[in-house]
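Dear colleague,

I am handing over the structure below, and my notes on it follow directly after.

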Amino acid sequence: KPAGFQVKAEKSFSFHGQVPVELISAINQRLRVMRLAKSANQLQFKTDAFGHYAAQMNHDYQKYHEEDAIVSILDVMEILGWTFKFQY
C-alpha cells in the first residue's frame, strides 16, 4: 500500500432472531449515558433493512469504546435475566 495510505474500518453490532424491543430500549438507554470521546459517534440499535437490530460504530468509537459497549450490553442483558454460554 502507498505510504501514508490508511483505511479505517467501521464495525457494527447486530442482534438476530427474536429480540424483545424492551431489551433494545434498555441497551440503547445504557449506551446513551456513556461518556464518549469527541470524535466517537453515539452507538444506538435500530432495525436495519433485514429486520435485525444493528448499530454502526465509527473508527474512534471502536478504538476508544468498543469494550465498554460490549460490557454495557452484556450487563443490561444479565440484569434482564439473559444468561450466556461462552465458547472458546
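The largest nonpolar core (buried Ala, Val, Leu, Ile, Met, Phe, Trp, Tyr and Cys residues joined through side-chain atoms within 4.5 Å) has 19 residues, of which F15, I27, L31, L43, F45 and Y61 touch the most other members. Two or more residues each come from β1 (11-15), α1 (21-32), β3 (53-57) and α2 (59-79), with α2 giving the most, five residues; helices (H or I, at least four residues) and strands (E, at least two) are DSSP runs, numbered from the N terminus.

This is a predicted model, in which local features need pLDDT of at least 70 and side-chain atom pairs count only at pLDDT 80 or more, while totals for chains, interfaces and linings use all residues. Residues are numbered from 1 along each chain as its sequence is written, and side-chain values use heavy atoms, with hydrogens and water left out.

Leaving aside neighbours within four places in sequence, F45 is in contact (heavy atoms within 4.5 Å) with F13, S14, F15, I24, I27, N28, L31, Y53, A54, A55 and I73.

The three strands form an open antiparallel sheet in the order β1-β3-β2, where two strands pair if DSSP finds at least two bridges between them. Because β1 and β2 (46-47) stand at the edges with a single partner strand each, one side of each is left without a neighbour in the sheet. Two bridges join β2 to β3, and K46 stands opposite A54 in β3.

Finally, H65 lies in helix α2 and is buried (under 20% relative accessible area, exposed being over 50% and partly exposed in between, with a 1.4 Å probe and protein chains only), at 8%.

Best regards
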